[in-house]
Amino acid sequence: MSTPSLSADDIFVSLEPPPLAEDPTLAVSSFRNLSQIIPQIARERGSFMNVTEDKLRKEIRAASQSTPQEENPSPEPSSSTSQPKQIAPDLTQFEEDFNNTRAELTRLIGAAQNEAAISLDFVSLLISSVRPAAGTTSMSPHLKSHVPVGSLGSDKIKPLPRVEDPSVCLGWKMQAVSAASDRLARASERLAKEAVHEKKYWEQVEEVAVAGEVLSKMRMPDFRGMGVRYGFVDAGSTYKEKGIATLRRDAEGNLVLKTEGEKRTKVLSVQVMRPLHGQYVMTGQYASKVNAEIGDVKCQIKQARDLLFEDELFYQIARETRILGSQGVTLDLGNTVMIPLPDDLQIVIETIDLEDQYNSMELDGGSDSVIAEAISIALHLLLCKLHRKNLNARRSVPLPLGTRTNITDAKSEILGPLVSSLAVSPIKDSLIALITELKSVLNDSNLDTHESLYI
Amino acid sequence: MSLQELSLYGAVPSSRHATVLSTLSAITGMRPLRVLQHHLVFSPTSASVSGALHPSIGPAATQLEASRIDVHRDLAGPVKSSSSWTLTIPTIPESGKRNVQVQYINRTTFRPGDGDDNDNDDGSDNTGLLFRFLRALDYVYAYDYLERGYLFVYGGMVIIKVTQLSPQSPPQLHEIPVGDEDELVAANVAQSRDPANAKFLATWVVHAYVDILTGPDSTGDDLEKVRIGTERLEALKAEIGGIITIPDRGILDPRVQLGK
C-alpha cells in the first residue's frame with residue numbers, strides 16, 4: 001500500500017496498539033512468526049514471484065535513506081548519527097539470519113521433493129505390475145534401471161482363521177469340572193450325614209408323638225422347631241409356668257429336651273406328727289414318687305411333668321394357707337405348711353429334694369404312713385379337680401364384660417376340703433357324745449326323746 | 001340389661017363347615033356347645049290396623065327395622081317348654097369406619113308371674129302370655145325362624161356362634177281357627193316348629209361377638225372395655241384368618257343378584 005507523504009503537521013492516530021519500544025532484538029523476534037509474515041507479504045506484494053533480491057535491496061536503501069531524513073529535524077544529533085551505525089549492524093545480522101533461514105528452507109523443500117519423488121516411484125512400481133505402460137511413464141530412470149518393471153505386487157489378504165488349541169480348552173475344562181465334582185462329592189457326603197442325623201432325630205420325635213405327647217411348632221427368638229407341651233395349661237391350670245419344652249437336635253442327631261427355666265428338683269412330702277413326751281414326732285410319712293434317673297426323652301418329659309405338678313401343688317397349698325389361717329394353718333419359712341388337727345394330730349406338708357425321697361422311707365407300713373399316703377393322693381386329686389373347674393369356667397358362656405362378679409373371697413380348693421374332712425370326724429364324735437349325754441339326762445328326767453341322727 | 005355388642009360376621013358354605021368347626025375347636029380348646037333356638041320377630045304396628053296379623057300399612061321400613069323385637073328361647077333342653085323367652089331389642093349398628101360392628105342391644109328374660117301356670121305340665125307354655133304382652137305394647141307377630149348350630153368361647157370373652165337359619169312361613173290366616181288370635185297363633189307357632197323337619201339354609205353364619213354391659217350396673221371404664229373387646233375380636237380374626245373371613249361384607253349385603 002502506498003503511504004501518502006507525511007508532513008510534520010500531521011497528527012497520527014493509530015488504531016492499533018502502540019508498538020513496543022524499538023529493540024534491536026525485536027527484528028529477529030518478529031521474524032519468527034513466519035506463518036503471519038508470509039501471508040502479509042503476499043498481500044502486500046501480490047505474490048512471492050514479484051519479490052526479487054534487487055527490489056528488496058532498493059527498498060532497504062530507500063528505507064535507510066528516509067529514516068536519517070526524518071530524524072534530521074530532531075535536535076539530537078548524537079542519536080541521528082548513532083542510528084545509522086545501529087541500523088548497519090542490524091542489517092548484517094538480519095542478512096545473516098535471512099540467509100540461514102533461506103538455506104534451511106531450501107533444504108526442507110528439497111527433502112519434501114525427495115519424499116514426493118520416492119512416493120511417486122513406489123506407486124508407479126506398484127501400478128506397473130498391473131499396467132506396465134502407466135507405471136513406466138511415471139517411474140524415475142534411477143528406479144527403472146535398478147528394479148525390473150512389475151516386480152512389486154499387491155493383493156488383498158484375508159486374516160487367517162484363529163486356530164484354537166484344543167488342549168488348552170480341555171485343560172481348563174478339566175480343572176473346573178474336577179473342582180466342581182470334588183465340591184459336589186463333599187457336599188453329598190455332608191448331606192448324607194445330615195440326612196442320617198435328621199432321620200434319627202425325627203424317629204425319636206415320632207416316638208415321642210406316638211407316646212401321646214402334644215407336639216407343637218415353636219417360634220422363639222432363638223429357636224424354631226418342635227416343642228412338646230408337658231404342662232397342664234390345656235387341662236385348666238393357671239400356673240405361671242406354661243410347661244412347654246423344646247426338642248432340639250444335637251450334632252449327632254440325638255434328641256435333646258430343653259425345659260424352660262431351671263430344672264426342678266422338689267417333690268411334695270406329707271408327714272404325720274403326733275406328740276410323744278411333749279414333743280411332736282413324725283409317725284408317718286409319704287413322699288410322691290418321681291423317677292429321678294435320666295432316661296430317654298419320654299422319661300424326661302414325664303419327669304418334667306411330674307415335677308411341674310408337684311411344684312404347682314405346693315404353690316397352691318402355700319397360697320391357701322393364708323385363707324385357712326383362721327383354722328390354725330401356718331406356713332413356716334416359705335416351704336413348710338403345718339396343719340393342726342384335733343386329737344393332737346399335726347400334718348406337715350413340705351417339699352423335699354428328689355434324692356431325699358428315698359432316704360426318708362424308713363417308716364414304711366405304719367398306719368400313719370398310710371394316712372400320709374392317703375393325704376398326699378387326696379391333695380393331688382384335688383389339684384386335678386381345681387384344673388377341671390378352671391377349664392369348665394373357661395368354656396362356659398361368659399357374662400357380659402363389666403358385670404359385677406361378687407367373687408371377693410378366694411376359696412380354698414385344695415387344703416380347705418382336706419382340712420375340713422380331716423377335722424370333721426373328731427368334731428362329729430364329740431357332738432354325738434354331747435347329744436348322747438343330753439339324751440341320757442333328758443331320759444332320766446322322764447321326757448320322751450325322739451332321736452334321728454342324720455350324719 | 002343394656003349391652004353394647006361388638007360383632008364380626010362371616011359366612012361359610014356348607015361344604016366347609018366341618019373344617020371350620022374343627023378349626024374353632026382347636027383354637028378355643030373346647031368341644032362345641034349345641035345351639036338350637038326358636039326366634040320370633042315382632043313388629044310394631046300402628047293402632048289403626050285392625051285384625052290383620054301382618055302390618056300392611058305401618059311405619060316406614062327403616063323405622064320398622066330399628067324397632068323389631070326378637071324373642072328367642074332355647075330348644076336344646078330336654079323339655080321344650082321349660083326354657084323361658086328372652087327379649088332382645090337391637091338398634092341399628094353404629095356407623096363409621098370401625099374394625100368391628102358396634103350395636104346397642106337391650107335384652108331381658110321374660111318371666112311369667114308367680115301366680116300363673118304353676119302346674120303347667122301339659123306342654124302348653126307361656127308363649128300365649130308373651131304374645132298378649134307384646135300386643136299390649138302394640139307389637140304383633142311378624143315371622144319366626146329356627147336357628148341351630150354350635151357355640152364356642154374364645155379367650156374367655158368372645159362368643160362364636162356358627163349357625164344355620166331356617167325361616168318359617170308365618171301361619172296363614174285361614175289356618176287359625178276362630179278364637180283368641182294371639183293365643184292360637186302362639187300355640188300354632190310354638191308347637192308346629194319342629195327342628196328335625198325344618199329346612200335350613202345351606203350357608204352357615206359365623207357370628208363372633210363380645211357383650212359389654214353398659215349402664216349403671218356395670219363396673220369399669222366403658223372405653224376401656226370396648227378397647228379390650230375390640231382387641232380380643234381382632235386377635236380372633238387374625239387367628240382364623242385363613243379359614244374364615246370375618247367380617248365378610250358379602251353376607252351383610254342386602255342386595256340380591258339376578259340369576260344366582
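# Exercises on a predicted two-chain model

A nonpolar patch of about 530 Å² lies on the surface, and the residues that make it are A:Leu431, A:Leu434, A:Ile435, A:Leu438, A:Leu442 and A:Leu447. The structure is a predicted model, and the exercises below are to be solved with it in view.

## Exercise 1. A residue of the nonpolar patch

Determine where A:Leu447 lies relative to H11 of chain A, and decide whether A:Leu447 is buried, partly exposed or exposed.

Solution.

Step 1. Locate the residue: A:Leu447 belongs to the segment that follows H11 of chain A.

Step 2. Recall the cut-offs: a residue is buried under 20% relative accessible area, exposed over 50%, and partly exposed in between.

Step 3. Apply them: the relative accessible area of A:Leu447 is 47%, so this residue is partly exposed.

## Exercise 2. The sheet of chain A

Establish the order of the strands in the open sheet of chain A, and identify the edge strands.

Solution.

Step 1. Begin with S5(A), residues 266–276, and S9(A), residues 345–353: these strands run antiparallel and are joined by 8 bridges. Within S9(A), A:Asp353 stands opposite A:Lys266.

Step 2. Turn to S6(A), residues 279–287, which is also antiparallel to S5(A) and is joined to it by 8 bridges. Here A:Gln279 of S6(A) is the bridge partner of A:Leu276.

Step 3. Examine the hairpin of S5(A) and S6(A): 2 residues lie between the strands, and A:His277 takes a positive phi near 55°.

Step 4. Assemble the sheet: its 5 strands follow the order S6-S5-S9-S8-S7 in chain A, with antiparallel pairing. The edge strands are S6 and S7 (330–332) of chain A, each of which pairs on one side only. On average, neighbouring strands of this sheet are turned by 30° against each other, direction ignored.

## Exercise 3. Helices packed on the sheet

State which strands of the sheet are touched by helix H8 of chain A and which by helix H11 of chain A.

Solution.

Step 1. Helix H8(A), residues 297–323, packs on the sheet and touches S5, S7, S8 (336–341) and S9 of chain A. The direction of H8(A) makes about 50° with that of S5(A).

Step 2. Helix H11(A), residues 415–444, packs on the sheet as well, touching S8 and S9 of chain A. Its direction makes about 30° with that of S8(A).

## Exercise 4. Salt bridges

Find how many salt bridges the whole structure holds over all chains, and describe the pairs A:Glu53 with A:Arg102, A:Asp296 with A:Lys298, and B:Glu147 with B:Lys161.

Solution.

Step 1. A search of the whole structure gives 23 salt bridges over all chains.

Step 2. The side chains of A:Glu53 and A:Arg102 form a salt bridge with an N to O distance of 3.3 Å. This pair links distant parts of the chain, 49 residues apart: A:Glu53 is in helix H3(A), residues 53–71, and A:Arg102 is in helix H4(A), residues 77–128. A:Glu53 is partly exposed at 45% relative accessible area, and A:Arg102 is partly exposed at 41%. A network of salt bridges links A:Glu53, A:Arg57 and A:Arg102.

Step 3. A:Asp296 and A:Lys298 meet through their side chains at 3.9 Å, N to O. The relative accessibility of A:Asp296 is 38%, which counts as partly exposed, and A:Lys298 is partly exposed with 30%.

Step 4. In chain B, the side chains of B:Glu147 and B:Lys161 meet in a salt bridge of 3.5 Å, N to O. B:Glu147 is in strand S6(B), residues 139–154, and B:Lys161 is in strand S7(B), residues 158–168, so that the pair links parts of the chain 14 residues apart. Both B:Glu147 and B:Lys161 are buried.

## Exercise 5. Chain B as a whole

Give the helices and strands of chain B in number and in order, and state what share of its residues is buried.

Solution.

Step 1. Chain B contains 5 helices and 8 strands. Starting from the N terminus, these elements follow the order β-α-β-α-β-β-β-α-β-β-α-β-α.

Step 2. Of the 260 residues in chain B, 42% are buried.

Step 3. Consider contacts in chain B between residues at least 6 apart in sequence: 74% of them join residues at least 24 apart.

Step 4. The accessible surface of chain B is about 14000 Å², and carbon and sulfur atoms account for 54% of it.

How values were computed:
Residues numbered from 1 in each chain as written. Chains lettered and ligands numbered in written order. Predicted model: local features only at pLDDT ≥ 70, side-chain atom pairs only at ≥ 80, totals over all residues. Heavy atoms only, no water. Pairing = 2+ DSSP bridges. Helix = DSSP H or I, 4+ residues; strand = E, 2+ residues; numbered from the N terminus. Axes fitted to C-alpha atoms, helices over the stretch in contact; angles between N-to-C directions. Contact = heavy atoms within 4.5 Å. Patch = residues over 30% accessible without salt bridge, like charges linked within 9 Å, V, L, I, M, F, W, Y side chains within 5 Å. Areas by Shrake-Rupley, 256 points an atom, 1.4 Å probe, with all protein chains shown as cover. Salt bridge = Lys/Arg side-chain N within 4 Å of Asp/Glu carboxyl O. Buried < 20%, exposed > 50% of the residue type's maximum accessible area, 1.4 Å probe, protein only.
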